[in-house]
Amino acid sequence: MRRFSALLVLACASLLAACSSLGTSVLLGRDIAFTAPQLQAQLDRKFPRDYKKLGGLLNFSLMNPRLSLPPGGRLHLDFDIGMGGPGSARTPSGHFSVESGLRFDPGTRGLHMDQPQIVAVDVPALGGVMNDGARNMLNSWLLDYAREEPVYRLDDSTVGRMASRRIERVDIDPGLITIRLD
């Protein structure tokens, strides 16, 4: 019996690993789990992104998002940022880091940043720190992005598996995002 139990555990672990490597969410009892590589794959398809401010006099680009799910229950995102005049923002001129919780938005069927915070900024062209104008522009983008754009959009099959269940919360654990269903 012990051997059968060990084989069953091994089979379940292999199935979970196979599903996560294919980019498929895994339904675990009443929960749905996603891995950091799944979220990273969707972010890679969305960036780089260019933004124009002040009628195009100031451009900035966000590139190379790097997502991690460290201990502490918050998502960590690093971005390279390019800033400059018209047509010159695509070259990285620094980077910044964001930490955030996650929330589910039924309108976008996605996981959005929740209460994101800029935790580090390094832009050598601005003396290594960000001035108030650039910080305000970055914070404005961050709040708009968190409101409008999901970090991860659930596919039709995952939404179908959720059926009429209510989402209690979204947990962030090291390496894993879990949507807790009622």
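**Figure 1. Confidence along the chain of this predicted model.** The chain has a mean pLDDT of 80, and 77% of its residues reach 70 or more; pLDDT is the predictor's confidence in each residue, on a scale from 0 to 100. Confidence is lowest in helix H1 (residues 2-21), with a mean of 38, and highest in E8, with a mean of 96. Over residues 1-25 pLDDT stays under 50, and the model has 14 contacts beyond four places in sequence for this stretch. A contact here means heavy atoms within 4.5 Å. Because the model is predicted, local features need pLDDT of at least 70 and side-chain atom pairs count only at pLDDT 80 or more, while totals for chains, interfaces and linings use all residues. Residues are numbered from 1 along each chain as its sequence is written, and side-chain values use heavy atoms, with hydrogens and water left out.

**Figure 2. The elements of the chain, from the N terminus on.** You will find four helices and 10 strands, in the order α-β-β-α-β-β-β-β-β-α-β-α-β-β. Helices (H or I, at least four residues) and strands (E, at least two) are DSSP runs, numbered from the N terminus. Of the 182 residues, 42% are buried, where buried means under 20% relative accessible area, exposed means over 50%, and partly exposed lies in between (1.4 Å probe, protein chains only).

**Figure 3. The open sheet of six strands.** Its strands follow the order E3-E4-E5-E6-E7-E8, with antiparallel pairing; two strands pair if DSSP finds at least two bridges between them. Strand E3 (49-53) and strand E8 (152-153) stand at the edges with a single partner strand each, so one side of each has no neighbour in the sheet. Inside the sheet, seven bridges join strand E5 (residues 75-84) to strand E6 (residues 94-105), and Asp80 has His95 in E6 as its bridge partner. Helix H2 (residues 36-46) lies across E3, strand E4 (58-68), E5 and E8, and runs at about 160° to E4. For such angles, axes are lines fitted to C-alpha atoms (for helices over the stretch in contact), and values run from 0 to 180 degrees between N-to-C directions.

**Figure 4. Leu111 and its surroundings.** Leu111 belongs to strand E7 (residues 110-122) and is buried, at a relative accessible area of 0%. Leaving aside residues up to four places away in sequence, Leu111 touches a set of residues including Phe34, Leu102, Phe104, Val151, Tyr152, Val170 and Ile179. Arg153 is 42 residues from Leu111 in sequence, yet their C-alpha atoms are 6.3 Å apart.

**Figure 5. A salt bridge between distant parts of the chain.** The side chains of Arg180 and Asp31 meet in a salt bridge at 2.6 Å, N to O. This pair spans 149 residues, with Arg180 in strand E10 (residues 176-181) and Asp31 in strand E2 (residues 31-35). A salt bridge is a side-chain nitrogen of Lys or Arg within 4 Å of a carboxyl oxygen of Asp or Glu, and the whole structure holds 10. Asp31 is buried, at 12% relative accessible area.

**Figure 6. Salt bridges within helix H3 and beside Asp105.** Arg147 forms a salt bridge with Asp144, with the closest N and O atoms 2.3 Å apart. Both lie in helix H3 (residues 132-148), three residues apart, about one turn of the helix. Arg147 is partly exposed at 46%, as is Asp144 at 35%. Elsewhere, Arg103 meets Asp105 at 3.6 Å, N to O; Arg103 is partly exposed at 26%, whereas Asp105 is buried at 18%.
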